[in-house]
Amino acid sequence: MQTSAAALDLAHTRPRPVHWLATAAAMAAVVAAAGLLQPEAATASQTAVGAAAGPVEAAAAPAPDASGAVYPLDCHGQKPAVVEQGSGDLDGDGRPETVAVVRCVSGIGTPPSGVFVLTGPSSRVVATLVDPADGAGVTDFAVRGGAVRATLLGYSSPDVPRCCPDRREMVKWQWRGGKFARTVLPDARSM
């Protein structure tokens, strides 16, 4: 019996185990190559053009988390307490900073506060506006319009009882010349 030419042409249509193995190996090679040959990460950002302000970031970066920061305070093994906080773009770079009023937790009295500026996703302290070693309390704290405002309460001498500060100073910090410049404001109550 002779095999016709048509029958010989159709011999490849009968799959055998070796055909399945060859197909599976080829597919595995394609998938592996696709996994190894990835495009570079995209670095462009979307921007939208504001009416009068120029380019504006499409998605604003989140402000640093004040509760996750490590502050330069010695609270005798306890974590410092964030009493107040506010966020805003203080240095004009388009990313918000967080300003935190922080102090050690005390069973009695009000320990001195520190005011710290945080930046980046790691909530890194980049500036100290009020050092707790100065012994000041902080009230009327606000972050608005690229400025930090607060009222600092202090003591004129060691003889003044720590319950009753006798010095009051209204201050404002703004980013100027690569650093935070402090300005003393007139006290509205004394005018």
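**Exercise 1. A contact in strand S4**

Which side chain does a polar contact of 3.0 Å join to that of Thr 98? Place Thr 98 in the model, which is a predicted one, and describe its surroundings.

Solution.
- Step 1. Find the partner: the side chains of Thr 98 and Ser 87 are joined by a polar contact of 3.0 Å.
- Step 2. Locate the residue: Thr 98 lies in strand S4.
- Step 3. Decide whether Thr 98 is buried or exposed. Buried means under 20% relative accessible area. Thr 98 has 0% relative accessibility, so Thr 98 counts as buried.
- Step 4. List neighbours. With residues within four places in sequence left aside, Thr 98 is in contact with Ala 63, Pro 64, Ala 66, Gln 85, Gly 86, Ser 87, Phe 116, Val 117 and Leu 118.

**Exercise 2. The sheet**

Work out in what order the strands of the open sheet are arranged, and find its edges.

Solution.
- Step 1. Write the order: four strands form the open sheet as S3-S4-S5-S6, with antiparallel pairing.
- Step 2. Find the edges: S3 and S6 are the edge strands, since each pairs on one side only.
- Step 3. Give the twist: on average, neighbouring strands of this sheet are turned by 25° against each other, direction ignored.
- Step 4. Recall the general rule: strands of a sheet pair through backbone hydrogen bonds, either parallel or antiparallel.

**Exercise 3. The hairpin of S5 and S6**

How many bridges join S5 to strand S6? Name two bridge partners and describe the turn.

Solution.
- Step 1. Count the bridges: five of them join S5 to strand S6 (residues 124-130), and the two strands run antiparallel.
- Step 2. Name partners in S6: Arg 124 is the bridge partner of Thr 119, and Val 125 is that of Leu 118.
- Step 3. Describe the turn: S5 and S6 form a hairpin with four residues between them, and Gly 120 in the turn has a positive phi of about 75°.

**Exercise 4. The disulfides**

Find the disulfides of the whole structure and describe each one.

Solution.
- Step 1. Count: a search of the whole structure gives two disulfides. Counting bonded cysteines along the chain, the pattern is 1-2, 3-4.
- Step 2. Take the pair Cys 75 and Cys 104, with sulfur atoms 2.0 Å apart. The angle about the S-S bond is -85°, and the link is left-handed. This pair links distant parts of the chain, 29 residues apart: Cys 75 is in the loop between strand S2 (54-57) and strand S3 (81-88), and Cys 104 is in the loop between strand S4 (97-103) and strand S5 (113-119).
- Step 3. Take the pair Cys 163 and Cys 164, with sulfur atoms 2.5 Å apart. This link is left-handed, with -70° about the S-S bond.
- Step 4. Assign exposure. Cys 75 counts as buried because its relative accessibility is 9%. Cys 163, at 60%, counts as exposed, and Cys 164, at 40%, counts as partly exposed.

**Exercise 5. The nonpolar cores**

Which residues have the most contacts inside the largest nonpolar core? Say which strands supply this core, and look for a second one.

Solution.
- Step 1. The largest nonpolar core has 18 residues, and those with the most contacts inside it are Val 99, Val 115, Leu 129, Phe 141, Val 148 and Trp 173.
- Step 2. At least two residues of this core come from each of S4, S5, S6, strand S7 (137-144), strand S8 (147-154) and strand S9 (167-176).
- Step 3. A second, separate core has ten residues, including Ala 66, Tyr 71, Val 102 and Cys 104.
- Step 4. Check one member of the largest core: not counting residues up to four places away in sequence, Val 148 touches residues including Val 99, Leu 129, Phe 141 and Trp 173.

Definitions and conventions. Residues numbered from 1 in each chain as written. Predicted model: local features only at pLDDT ≥ 70, side-chain atom pairs only at ≥ 80, totals over all residues. Heavy atoms only, no water. Disulfide = S-S within 2.5 Å. Buried < 20%, exposed > 50% of the residue type's maximum accessible area, 1.4 Å probe, protein only. Pairing = 2+ DSSP bridges. Polar contact = N/O pair within 3.5 Å; in protein donor to acceptor, adjacent residues only side chain to side chain. Contact = heavy atoms within 4.5 Å. Core = buried A, V, L, I, M, F, W, Y, C linked by side-chain atoms within 4.5 Å.
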